[in-house]
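Work through the following exercises with the sequence and the model at hand, and try each task before reading its solution.

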Amino acid sequence: MRNFGQMKSISEVRHFLLESWNMGWPIILIMFFQFLIGLTDVYVAGLLGKEILAAVGYVGQLYWTLMILANGITVGTVSMVSQAYGAKHPEGVGSITAHSLVLGVFISGVLTVLAQLFPEQITRFAGMPPEIQGIATAFLRVFSLVLIPTYIMIITSGVLRSSGRVRVAMLNSFVTAMVNIVADLSLGLGWGPIPALGFIGIAWGTAIATTIGMVLNLGYVIRGEKLQILHSLGRPLPRCMRNLVKLGVPTALQQTAWNAGTLVVYFLAGQLQAGEITALAAMTAGVRVEAVIFLPVFAFNMASAVLTGTRLGAGDVSSARSGAKATALLCLGIILLPAVAIFFLAPYISAFLTEDAAVREEMTRYLQINMVGVPFLALGITLSGALQGAGDTFGTMKIIFTGMWIFRIPLILVVVHIFHAGALGIWWSMTVSMVLMCSLLVHRFVGEKWITASRDKQTNTMLWEACIPEDRPSETK
């Protein structure tokens, strides 16, 4: 067994690095455009008051909790589509796409109805402070109207990335981000004849941008696999749907555990004996700034998933492993400089995002402490993409759950309630738990179990092959 430090020849390493970069840089830009959407929301909210800023952060976490099933479906879709694409089977790509969209529309439709019927109950259950519950409920009412377009946009973006059209997904994300910036500023703050709608303008601006992004992605996906998608919609395959669920459910549970844990962290920050709104506002803005680090990390996570799935689909296990190592090291090299910059420039960044002196001071501490764990974050999260691309979503789920609920939450409870460390203790608990979790992800990658995770043990075929109609057998051995 190769250990993590062993690589192939220099020429092969260069080849893997080039492939990782060619796949990674468009996804970095996709993540950057998504970062701009979040940053614009925070910027406009910050101008409207710290209560609005805190509400935007809380609802953002709650909203992405509603997105967990979309992300779960997408991870399963990327794994199966990339493997079908690597096996050069376009009908498999189209069939997987169709089944994913059907599953996504059904789930998001149910969630839309629930969010529209019970928005107040949802915000109260999330533990939001009473002074921001009304604002959060109004946000949720608008955001839930575009759950179906958001699900479709996320799934189709995954299809484009994993089937050789990552630059199309990048261009569509650019358009979406630009629309969001213009809509947020004009609807939230007013622009010319457009009256200022205040905080609700932020919600509508993001909703409009999301719908446009969905239309763009869906148009390109249908254009590429129209016949295969229509054929699959008319003849749904239960085993195909089952395999998508098999790969997607662990990811959905993983993200449920992580997002629910993050809401608990927000709740615990809101229960501090003093400065609870300050801590919430600092964390809300700080998370957005951290996206400068998170966006390349999660971009290479997604790139690693696609590249690993494609190589496994082509039957090249050795390249799948070595390529994932190269992607992780490339990610580490890229993010070290911005991490150091954020550490030293944290006071100035905080001053730019808020005029509240207490929030500025707390945000500075938050950013500097979280930069300490960045090297571990780069290696662990990138390699988790390779695990997911190989279909090892269950193994990844166990580690992410451990990181949040065995490490992070207990640490926060100890430092806050026993050592009375306040917000500072929460920030350090977050960093320590991240280091431990990412170390476990590296350890999982060094092993062998993830290599065969995408193979059906009963039929000895790849999971994606279940999406091919029986009258059109796969040529994959």
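## Exercise 1: A nonpolar patch

Leu424 is partly exposed, with a relative accessible area of 38%, where buried means under 20%, exposed over 50% and partly exposed in between, for a 1.4 Å probe and protein chains only. The model is predicted, so that local features need pLDDT of at least 70 and side-chain atom pairs count only at pLDDT 80 or more, while totals for chains, interfaces and linings use all residues. Residues are numbered from 1 along each chain as its sequence is written, and side-chain values use heavy atoms, with hydrogens and water left out.

Task: place Leu424 in its helix, and identify the surface patch that includes Leu424.

Solution. Step one is the secondary structure: Leu424 lies in helix H16, helices being DSSP runs of H or I with at least four residues and strands DSSP runs of E with at least two, numbered from the N terminus.

Step two is the patch, which is nonpolar and consists of Val340, Phe343, Phe344, Leu345, Tyr348, Val372, Leu424, Trp428, Val432 and Leu436, with about 960 Å² of accessible area together. Patches are made of residues with over 30% relative accessible area and no salt bridge, like charges being joined within 9 Å and nonpolar side chains (Val, Leu, Ile, Met, Phe, Trp, Tyr) within 5 Å; the areas come from the Shrake-Rupley method with a 1.4 Å probe, and for residues only the protein chains shown count as cover.

Step three asks where the members come from: helix H12 (317–353) and helix H16 (422–446) each supply at least two residues, and H12 gives the largest share, five residues.

## Exercise 2: Aromatic pairs

Task: state how many aromatic pairs the structure holds, and describe the geometry of Phe294 with Phe298.

Solution. The structure holds nine aromatic pairs, a pair being two rings of Phe, Tyr or Trp (its six-membered ring) with centres within 6.5 Å, counted as stacked with planes under 30 degrees apart, edge-to-face over 60 and tilted for the rest. Phe294 and Phe298 pair edge-to-face, at 6.2 Å centre to centre and with 80 degrees between the planes. Because they are four residues apart in helix H11 (residues 276–313), about one helical turn separates Phe294 and Phe298. Phe294, at 25% relative accessibility, is partly exposed, as is Phe298 at 33%.

Phe343 and Phe344 also form an edge-to-face pair, with 5.2 Å centre to centre and 80 degrees between the planes. Of these two, Phe343 is partly exposed at 32%, whereas Phe344 is exposed at 58%.

## Exercise 3: The cysteines

Task: find which cysteines form a disulfide, and explain why Cys331 is not bonded to Cys438.

Solution. A search of the whole structure finds one disulfide, defined as a pair of cysteine sulfur atoms within 2.5 Å. Cys240 and Cys467 form this link, with their sulfur atoms 2.0 Å apart. The pair links distant parts of the chain, since Cys240 is in helix H10 (residues 238–270) and Cys467 in the segment after strand E2 (461–462), 227 residues apart. Cys240 is buried at 0% relative accessible area, and Cys467 is likewise buried at 0%.

For Cys331, the closest cysteine sulfur is that of Cys438, and because the two sulfurs are 10 Å apart they are too far for a bond. Cys331 is buried at 0% relative accessibility, and Cys438 is also buried at 0%.

## Exercise 4: Salt bridges

Task: describe the salt bridge of Arg239 and Asp456, and that of Arg444 and Asp392.

Solution. Side chains of opposite charge can pair when their charged atoms come close. The search finds eight salt bridges, each a side-chain nitrogen of Lys or Arg within 4 Å of a carboxyl oxygen of Asp or Glu. Arg239 and Asp456 meet at 4.0 Å, N to O. Arg239 lies in helix H10 and Asp456 in strand E1 (residues 455–456), so the bridge ties together parts that are 217 residues apart in sequence. Arg239 is partly exposed at 36%, whereas Asp456 is buried at 6%.

Arg444 and Asp392 meet at 3.0 Å, N to O. Arg444 is in helix H16 and Asp392 in the loop between helix H14 (374–389) and helix H15 (393–417), 52 residues apart. Finally, salt bridges that share partners join Arg239, Arg242 and Asp456 into one network.
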